[in-house]
Amino acid sequence: LSTTKPSTTTTSSSTSSSQTASTAAKGEEVAKYALRFKGLAYKWGGESLTKGADCSGFTMKVYQHFGYYLPHSSISQRGYGKAVSWSSKQVGDLICYNAINGIGHVGIYIGNNQVVHAGSTATGIHISTANYRSVNCVRRIVK
């Protein structure tokens with residue numbers, strides 16, 4: 001299930017409810033898996049869920065566990081999956097934040113206006129309010 005950059009074609013509005021339910025169930029699985037790593041270390045440039053990851057390394061490895069391949073770059077991850085509105089976000093969606101001094105940030109939406117993310121060396125992988133900083137976009141990675 002390789003995730004590719006979005007094309008300019010639009011998707012049909014006749015998505016079946018079983019497809020939507022399936023996507024939501026997969027999103028729940030992604031969120032539950034991501035939460036397993038809560039409390040573990042943040043490491044700049046890291047890609048290890050157990051030994052330390054930065055924000056995009058964390059999201060990259062979590063989605064990779066489910067067969068979705070993202071780059072190790074928070075800015076680049078904004079171009080993957082399908083764009084969804086803030087009001088349409090679902091558990092398992094990728095929340096992409098605006099860059100500060102050229103550095104972006106990403107996390108995984110876990111519901112109840114919360115996101116799990118690799119924040120900093122001080123916080124490690126932890127939970128924050130989903131809109132704790134300015135949001136750039138929401139991307140639906142799971143299909």
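**Briefing: the second largest pocket and its chain**

The lining of the second largest pocket splits into eight nonpolar, seven polar and two charged residues. The structure is a predicted model. Its protein chain has 143 residues, of which 43% count as buried. Three helices and eight strands make up the secondary structure of the chain.

**The second largest pocket**

- This pocket holds about 280 Å³ of space.
- It is lined by 17 residues. Closest to the pocket centre are Y42, W44, C55, I103 and G104.
- Four elements each give two or more residues to the lining: α2 (55-65), α3 (74-77), β5 (103-111) and β6 (114-120).
- The top contributor is β5, with three lining residues.
- Of the residues closest to the centre, C55 falls in the range of α2. I103 and G104 fall in the range of β5.
- By class, the nonpolar residues of the lining number eight and the charged ones two.

**Fold order**

- Read from the N terminus, the elements run α-β-β-α-α-β-β-β-β-β-β.
- The chain therefore opens with a helix, follows with two strands, and then has two helices before the remaining strands.

**Packing and surface**

- Take contacts between residues at least 6 apart in sequence: 58% of them join residues at least 24 apart.
- The chain exposes about 7,400 Å². Carbon and sulfur atoms supply 51% of that area.
- Buried residues come to 43% of the chain.

Terms used: Residues numbered from 1 in each chain as written. Predicted model: local features only at pLDDT ≥ 70, side-chain atom pairs only at ≥ 80, totals over all residues. Heavy atoms only, no water. 1 Å grid on protein atoms, 1.4 Å probe; cavity = no way out; pocket = protein on both sides within 12 Å on 5 of 7 lines; lining within 4 Å. Points joined across faces, edges and corners; volume = space filled by probe spheres on them. Nonpolar A, V, L, I, M, F, W, Y, C, P; charged D, E, K, R; others polar. Buried < 20%, exposed > 50% of the residue type's maximum accessible area, 1.4 Å probe, protein only. Contact = heavy atoms within 4.5 Å. Areas by Shrake-Rupley, 256 points an atom, 1.4 Å probe, with all protein chains shown as cover.
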